[in-house]
Amino acid sequence: MTTPFVSSPFIPADAPFSTDQRSWLAGFLAGMQTRLFAAGSDTAATGSAPALHVLYGSQTGNAESVAEDAASAARAHGFAPVVCALDDMDLETFAALGRVLVVTSTYGEGEMPDNAELFWQALSAANAPRLESMDFAVLALGDSGYDGFCQAGKLLDMRLEQLGATRIVPRVDCDVEFEEAAAAWIAETLPLVAAVEGIHGDTAAAGGVAAAPAPAKSRWNRKNPYPATLTVNRRLSGDDSGKEIRHYEFALADSGLDYEAGDALNVVPVNDPALVRSILDRLGLDGDVVPDGHDDTLAHLLTHRYEITAPNVDLLEAVEERTGNEELTYVLRHGDKTALDEWLWGRDILDVLSLEPTPSLTAGELLAVLKPLQHRAYSISSSPHATDGSVHLTIAAVRYGDDDRERRGVCSTYLADRVGDVPVGIFVTRNKAFRVPADDTAPMIMVGPGTGIAPFRGFLQERRARGATGRNWLFFGDQRRSCDYIYEDELTEFVDAGVLTRLDLAFSRDQAEKVYVQTRMKENGAELFAWLEDGGHFYICGDASRMAKDVDRALHEIVAEHGGMSEEQAAEYVVALKRDKRYVRDVY
């Protein structure tokens with residue numbers, strides 16, 4: 001078996017160690033660093049101020065942002081907060097902590113965020129350490145429109161209690177409008193944590209050596225997006241393509257809004273006025289009326305503040321009560337998620353409202369069962385070092401339906417069809433885990449079919465701007481080369497300039513047998529494994545439900561075959577890549 005390459009800031013690249021020796025030394029030194037980090041955070045590193053560890057699991061940056069808010073508030077209560085991702089916390093070190101706050105989102109249908117997955121595997125193991133000396137509180141972020149609402153937070157909260165830790169306050173589960181609930185949780189929790197620690201009143205500010213200041217936050221956020229000008233809206237896919245992929249550029253002007261390659265740009269959409277009119281007509285409602293308890297007309301609320309495309313369970317239940325529709329009753333009442341998903345496929349809110357022969361929902365009842373309109377997050381497809389005060393996105397416009405009515409994606413068709421000269425609300429979400437390698441000499445392997453190429457366009461721009469000498473390998477594909485090879489000219493130029501060392505293409509419908517990016521990976525498995533052994537970083541961006549899983553499976557098979565490992569050993573190798581932050585994903 002070949003031992004995984006392990007990089008470490010303590011081991012010079014030209015040190016005369018074998019791969020096995022490097023791995024052992026890196027693991028030993030990383031363990032020592034973690035122990036010193038934990039010990040120092042409680043004593044010398046923070047003076048006399050007691051430590052409070054704020055740990056987060058974050059997929060899109062929201063949980064990390066709340067963790068930073070909690071840390072800022074903790075300083076005012078006399079603590080020296082230590083903030084880090086759950087996966088960055090060694091379990092042995094974790095077991096020795098005294099006061100812990102956990103803030104975590106839930107990914108997909110009840111899964112742990114990527115930067116909490118390994119921590120959860122260790123914590124949920126049968127041999128996990130006891131935690132009787134720990135006091136904790138958990139804040140869970142989620143979306144009640146999905147199954148497994150706040151499931152990651154619920155699991156962590158339950159497991160900490162099972163292992164003997166003492167809960168300071170009951171877990172709080174936040175829906176998509178999380179800011180107020182999160183602020184209330186912080187305000188309630190910190191005084192109780194301070195009391196447990198023995199910090200009272202006037203002693204709160206007397207913390208000895210000052211802790212590091214909280215990182216500065218952008219003024220632009222979900223509540224206050226920057227009104228950007230859309231300067232470029234260009235179709236990338238050909239006319240014969242089954243997809244409509246577009247390239248967008250937003251001018252940042254003097255906004256002060258900054259980003260890094262790998263971050264996400266959030267766009268605040270505006271609903272389709274035609275769909276708003278259809279819903280109002282269907283329900284026989286007057287759009288000019290201001291509903292009770294609201295500050296604007298019904299038409300404005302449906303256009304700017306509520307989700308009116310994807311049906312949620314509350315709406316389905318309201319319609320089912322009024323219609324008695326047997327098919328809808330079955331999928332709602334029998335707990336068959338697959339059947340419900342199949343029934344909902346292709347249907348929007350107007351389709352559901354049309355089940356009722358004589359609509360009876362009032363304006364107030366309609367708004368009560370709708371969700372707030374949410375921003376959409378997209379992987380940024382540029383590097384700030386390669387653009388002139390702008391940020392780029394690569395988005396597929398969603399359109400489907402029949403001759404009777406076309407259904408449209410909320411944000412993708414807003415950008416494609418209706419922005420015009422009106423500013424678009426945007427803000428950046430940091431994705432610190434999804435970055436080009438800090439080591440400019442490290443190899444980089446990127447798998448991004450379709451719009452999954454977006455961040456890797458930015459990565460390649462970033463590597464070129466930095467003069468990075470590390471090799472870069474991109475796996476890209478889609479359906480047909482003739483009309484789906486987006487950014488072909490740019491990728492060719494990257495190859496010609498030596499920035500892109502290897503480019504492997506997979507166009508699934510250009511031959512009788514389907515060819516995908518994972519097919520190309522396995523065809524070149526020996527070299528791919530060699531790149532990993534040479535310290536390569538492996539990235540995936542794109543569809544989480546199928547592509548990312550297929551690529552992950554292919555990676556395990558490649559490691560097993562070309563590393564001479566068993567299935568279990570290959571799994572350990574991949575886990576080591578994740579632990580070393582050399583296997584990261586940006587999937588949706």
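**Exercise 1.** In which sense, and over how many bridges, do strand S18 (residues 537–542) and S19 pair?

*Solution.* The model is a predicted one, and in it S18 and S19 pair in the parallel sense, over 5 bridges. Within this pairing, Tyr539 stands opposite Val584 in S19. The next step is to place the pair in its sheet, an open one of 5 strands with parallel pairing, which runs in the order S17-S16-S15-S18-S19. Because strand S17 (502–507) and strand S19 (583–587) each have a single partner strand, they stand at the edges, and one side of each has no neighbour in the sheet. From one strand to the next the twist averages 10°. Helix H19 (residues 525–533) packs on this sheet, where it touches S15, S16, S17 and S18, and its direction makes about 135° with that of S16.

**Exercise 2.** Determine which residues of helix H10 (residues 326–333) are buried, and how they are arranged about its axis.

*Solution.* The buried residues of H10 are Leu328, Val331 and Leu332. Seen down the helix axis they fall within an arc of 100°, so they line one face of H10. The buried residues pack against helix H9 (313–323) and helix H11 (337–344). At the N-terminal end Asn325 caps H10, with a side-chain oxygen 3.2 Å from the backbone nitrogen of Glu327, while Gly335, whose phi is positive, near 65°, follows the helix.

**Exercise 3.** Decide whether Ala554 is buried or exposed, and identify its contacts beyond four places in sequence.

*Solution.* Ala554 lies in helix H20 (residues 547–563). Its relative accessible area is 2%, so Ala554 is buried. Leaving aside neighbours within four places in sequence, Ala554 is in contact with Gln518, Met521 and Lys522. Lys522 is 32 residues away along the chain, yet the C-alpha atoms of Ala554 and Lys522 are separated by 6.6 Å.

Conventions. Residues numbered from 1 in each chain as written. Predicted model: local features only at pLDDT ≥ 70, side-chain atom pairs only at ≥ 80, totals over all residues. Heavy atoms only, no water. Buried < 20%, exposed > 50% of the residue type's maximum accessible area, 1.4 Å probe, protein only. Helix = DSSP H or I, 4+ residues; strand = E, 2+ residues; numbered from the N terminus. Arc of directions from axis to C-beta. Contact = heavy atoms within 4.5 Å. Polar contact = N/O pair within 3.5 Å; in protein donor to acceptor, adjacent residues only side chain to side chain. Pairing = 2+ DSSP bridges. Axes fitted to C-alpha atoms, helices over the stretch in contact; angles between N-to-C directions.
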